[in-house]
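Reader: Please take a close look at one part of this model, the charged residues and what they pair with. I would like one connected account, not a list.

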Amino acid sequence: METSFENRCNILSELWLNYRDDKDFQDFVKYNDIALPLSFMISEGIIENPGELASSFVDETFDLLLKAVGQEDLGFETLDSLLKAAEEE
């Protein structure tokens with residue numbers, strides 16, 4: 001099962017809001033300086049119909065997050081569920 005686009009945006013948005021100043025995510029946030037706020041804008045409805053380019057930014061960043069925490073895409077619904085799965089491994 002793959003994480004839905006809506007959940008990808010919500011997860012990345014939450015990461016950006018809550019962890020952008022966290023030293024453990026500093027490099028990740030800096031590298032993804034476009035996709036993280038973009039995900040926030042999509043999740044909050046500021047951007048209602050993201051195009052193909054915006055979607056590709058979100059998907060690439062989510063895949064990078066999975067790699068950063070050493071997880072496969074198991075159909076996550078929240079950032080907490082992703083981080084908990086990463087801690088368990």
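Author: Aspartate 63 counts as partly exposed, because its relative accessibility is 36%, between the limits of 20% for buried and 50% for exposed. The model is a predicted one, and the distances below are to be read in that light. Aspartate 63 forms a salt bridge with arginine 8, and the closest N and O atoms of the two are 3.7 Å apart. This pair links distant parts of the chain, as aspartate 63 is in helix H4 and arginine 8 in helix H1, 55 residues apart.

Side chains of opposite charge can pair when their charged atoms come close. Arginine 8 has further partners of this kind. One of them is aspartate 73, with the closest N and O atoms of the salt bridge 3.0 Å apart. Aspartate 73 lies in the loop between H4 and H5 and arginine 8 in helix H1, so this salt bridge ties together parts that are 65 residues apart in sequence. Aspartate 73 has a relative accessible area of 22% and is therefore partly exposed; the cut-off for buried is under 20%.

Aspartate 59 also meets arginine 8 in a salt bridge, at 3.3 Å from N to O. Here aspartate 59 lies in helix H4, which spans residues 52-69, and arginine 8 in helix H1, so the pair joins parts 51 residues apart in sequence. Aspartate 59 is partly exposed, because its relative accessibility is 28%.

Arginine 8 itself counts as buried, because its relative accessibility is 5%. Its partners aspartate 59, aspartate 63 and aspartate 73 are each partly exposed. The structure holds four salt bridges, and a network of salt bridges links Glu2, Arg8, Asp59, Asp63 and Asp73.

Next to the charged network in sequence comes a polar residue. Threonine 3 is found in the segment before helix H1, which covers residues 5-19. Threonine 3 is buried, because its relative accessibility is 2%. The side chain of threonine 3 reaches the backbone nitrogen of phenylalanine 76 at 2.9 Å.

A second buried polar residue is asparagine 32, which counts as buried because its relative accessibility is 5%. Asparagine 32 lies in the loop between helix H2 (26-31) and helix H3 (35-43). Its side chain reaches the backbone oxygen of phenylalanine 28 at 2.9 Å.

Other charged residues lie at the surface. Lysine 30, in helix H2, counts as exposed because its relative accessibility is 65%. The C-alpha atoms of lysine 30 and arginine 20 are separated by 8.5 Å, with the two residues ten apart along the chain.

Negative charge is also grouped on the surface. Glu72, Glu87, Glu88 and Glu89 form a negative surface patch. Among them, glutamate 87 lies in helix H5, residues 79-88. Glutamate 87 is exposed, because its relative accessible area is 66%, against a cut-off of over 50%.

To return to the part in question, arginine 8 is buried and belongs to the salt-bridge network with Glu2, Asp59, Asp63 and Asp73.

Terms used. Residues are numbered from 1 along each chain as its sequence is written. This is a predicted model: local features need pLDDT of at least 70, side-chain atom pairs count only at pLDDT 80 or more; totals for chains, interfaces and linings use all residues. Side-chain values use heavy atoms; hydrogens and water are left out. Patches are made of residues with over 30% relative accessible area and no salt bridge: like charges are joined within 9 Å, nonpolar side chains (Val, Leu, Ile, Met, Phe, Trp, Tyr) within 5 Å. Accessible areas come from the Shrake-Rupley method with a 1.4 Å probe; for residues, only the protein chains shown count as cover. A salt bridge is a side-chain nitrogen of Lys or Arg within 4 Å of a carboxyl oxygen of Asp or Glu. Lys and Arg count as positive and Asp and Glu as negative; His and the chain ends are not counted. The place of a charge is taken as NZ of Lys, CZ of Arg, CG of Asp or CD of Glu. Helices (H or I, at least four residues) and strands (E, at least two) are DSSP runs, numbered from the N terminus. Buried means under 20% relative accessible area, exposed over 50%, partly exposed in between (1.4 Å probe, protein chains only). A polar contact is a pair of N or O atoms within 3.5 Å; within protein, one must be able to donate a hydrogen and the other to accept it, and residues adjacent in sequence count only if both atoms are side-chain atoms.
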